[in-house]
Each structure stands twice: as C-alpha cells, then as structure tokens.
Amino acid sequence: MTTIVVTGHMDLTEDSIPLVRTALDNLLKQYADDGELVGVSCIAQGADSLFAEAVLAVGGRLTVVIPSQDYRQNKVKPDHAALFDRLVEAAEEVHVLPHETANRQAYEAANAVLIERADRLVAVWNGEPPTGKGGGTADTVLEAQAAGIPVDVVWPEAAARRG
C-alpha cells in the first residue's frame, strides 16, 4: 500500500486545471497498478480536489481530512460545494479535526495529519517560498522534506495562479 498525500495551490487559473489534472493522472497511475493506492486530501478547492478526483479515477481509495468542524459551512464556497460533498461521499474515511474554527492553527494541524500518514507527498506548487504565515503549500513541502518524505512537485509548464 502506498499512501500519497497532497498539498497545493487553491487559486489555479481555469486554463491550469486541465494541465494539472493530466499531470496528476499520469503521476498517480504508477502507484495505482497494484490497487493499493490511498490518497489523502483536505479536498479544498484547486489542487486538493483535483488530486482527490485523480486518486478515485485511477481506482485508489480516498481519505479526507477536514481541518475544522465549521469548515464545510464557513470555508467551502458555493462554486465548490457540490464537488466537496461528492468527494466526502466517495471517501473511504473522513476525519474532521476537533478545531471548532477554520483558521491557521486548524490548517497547520491538518497538514500535520497529512505528514504523519504520508509515504509520499504530491505538491501542486509553483516553487515559491513560504509566506511566513504557516500552513501553506511551501510550508508543507518543507515539513515533508524534513521528515524524509519524498516529494513529487507537479507544476506543468503554462500552469499559473489567479491574481
């Protein structure tokens, strides 16, 4: 069994989404051959959900980590709600962390759960350094590397973030 966790940017441009999805499909296929792939994701909009969909598409099992008790109600935007709910339904396991409120502490705790479970980390990441706020994509990559977890960076040529 290989457990692959994801971190990545939420704000991918519309044109980047199919590029990232194809790259994730290609990467995950190599781990899905034995039917023992487990993907772990917080299923946020963008990279997390694209990864979760790709895990399911290659026949892997999905585990969802939700950072806080209020996450679905207060952080999932209307344009992401249907996909979020569909991924929760498709998940073999759903872990809602005990934090009442979705905040930096809850996100850092969710990232810690990802690192604890990871055999590998997939980072949908443009390579920019940490912002200093904590809990971001670059922070998670650095934590994984410090823990000796192999990191696969997915950032296809022409991928971009909004704004």
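A pocket, in this tour, is an open set of grid points with protein on both sides within 12 Å along at least five of seven lines, and a lining residue has an atom within 4 Å of a point. Keep that in mind for the second half of the walk. The model on your screen is predicted.

**Stop 1: Val-6**

Start by selecting Val-6, which sits in strand 1 (residues 2-8). Is Val-6 buried or exposed? Its relative accessibility is 1%, so Val-6 counts as buried. Now show what touches it. Setting aside neighbours within four places in sequence, the contacts of Val-6 are Val-40, Ser-41, Ala-47, Asp-48, Phe-51, Leu-114, Leu-121 and Val-122. You can also draw a C-alpha to C-alpha distance from Val-6 to Leu-50: it comes to 9.8 Å, with the two positions 44 residues apart in sequence.

**Stop 2: helix 2**

Leu-50 leads us on, since it is one of the buried residues of helix 2. Colour helix 2 (47-57) next. Eight of its 11 residues are buried, so helix 2 is largely enclosed by the rest of the structure. Those buried residues are Ala-47, Asp-48, Ser-49, Leu-50, Phe-51, Ala-52, Ala-54 and Val-55. Which elements cover them? The cover includes strand 1, helix 1 (16-32), strand 2, strand 3, helix 4 and strand 5.

Then look just past the end of the helix. Helix 2 is followed by Gly-59, which has a positive phi near 85°.

**Stop 3: the loop ahead of helix 2**

Step back to Ile-43, in the loop that runs between strand 2 (37-41) and helix 2. Most residues other than glycine have a negative phi. Ile-43, though not a glycine, has a positive phi of about 50°. With 0% relative accessibility, Ile-43 counts as buried.

**Stop 4: strands 2, 3 and 4**

Turn the view so that you can follow the strands on either side of helix 2. Strand 2, helix 2 and strand 3 form a right-handed β-α-β unit. Strands 2 and 3 run parallel and are joined by four bridges. To find the register, select Val-40, which stands opposite Thr-63 in strand 3. Val-40 is also among the contacts of Val-6 from the opening stop.

Strand 3 (residues 61-66) is mostly covered, with five of its six residues buried. Strand 3 also runs parallel to strand 4 (residues 93-96), again through four bridges. Here the pair to pick is Val-65 and His-95, with His-95 on the strand 4 side.

**Stop 5: the largest pocket**

Now switch on a surface. The largest pocket holds about 860 Å³ of space. To centre the view, select Gly-8, Met-10, Gly-135, Gly-136 and Thr-137, which lie nearest the centre among its 37 lining residues. Strand 1, helix 3 (71-75), helix 5 (104-117) and helix 6 (137-146) each give two or more residues to this lining. Which element gives the most? Helix 5 does, with five residues. If you colour the lining by class, you will find 14 nonpolar, 13 polar and 10 charged residues.

**Stop 6: helix 6 and beyond**

Thr-137, already selected near the pocket centre, also appears among the buried residues of helix 6. The full set is Thr-137, Ala-138, Asp-139, Thr-140, Val-141 and Ala-144. Among the elements that cover these residues are strand 1, helix 5, strand 5 (120-124) and strand 6. After helix 6 comes Gly-148, with a positive phi near 80°.

Carry on along the chain to Ala-158, in the segment after strand 6 (151-154). Ala-158 is not a glycine, yet its phi is positive, about 85°. Is Ala-158 buried or exposed? Its relative accessibility is 62%, so Ala-158 counts as exposed.

**Stop 7: the second largest pocket**

Finish at the second largest pocket, whose volume is about 210 Å³. Of its 13 lining residues, Glu-14, Ile-17, Gln-45, Gly-46 and His-80 lie nearest the centre. Helix 2, from earlier in the tour, and helix 4 (78-90) each supply at least two lining residues. By class, this lining has five nonpolar, four polar and four charged residues.

Terms used:
Residues are numbered from 1 along each chain as its sequence is written. This is a predicted model: local features need pLDDT of at least 70, side-chain atom pairs count only at pLDDT 80 or more; totals for chains, interfaces and linings use all residues. Side-chain values use heavy atoms; hydrogens and water are left out. Buried means under 20% relative accessible area, exposed over 50%, partly exposed in between (1.4 Å probe, protein chains only). Contact means heavy atoms within 4.5 Å. Two strands pair if DSSP finds at least two bridges between them. A crossover is right-handed if, with the strands pointing away from the viewer, the path from the first strand over the helix to the second runs clockwise. On a 1 Å grid over the protein atoms alone, a cavity is a set of points where a 1.4 Å probe fits but cannot get out, and a pocket is an open set with protein on both sides within 12 Å along at least five of seven lines; lining residues have an atom within 4 Å of a point. Grid points are joined across faces, edges and corners, and a volume is the space filled by probe spheres set on the points. Ala, Val, Leu, Ile, Met, Phe, Trp, Tyr, Cys and Pro count as nonpolar, Asp, Glu, Lys and Arg as charged, and the others, Gly among them, as polar.
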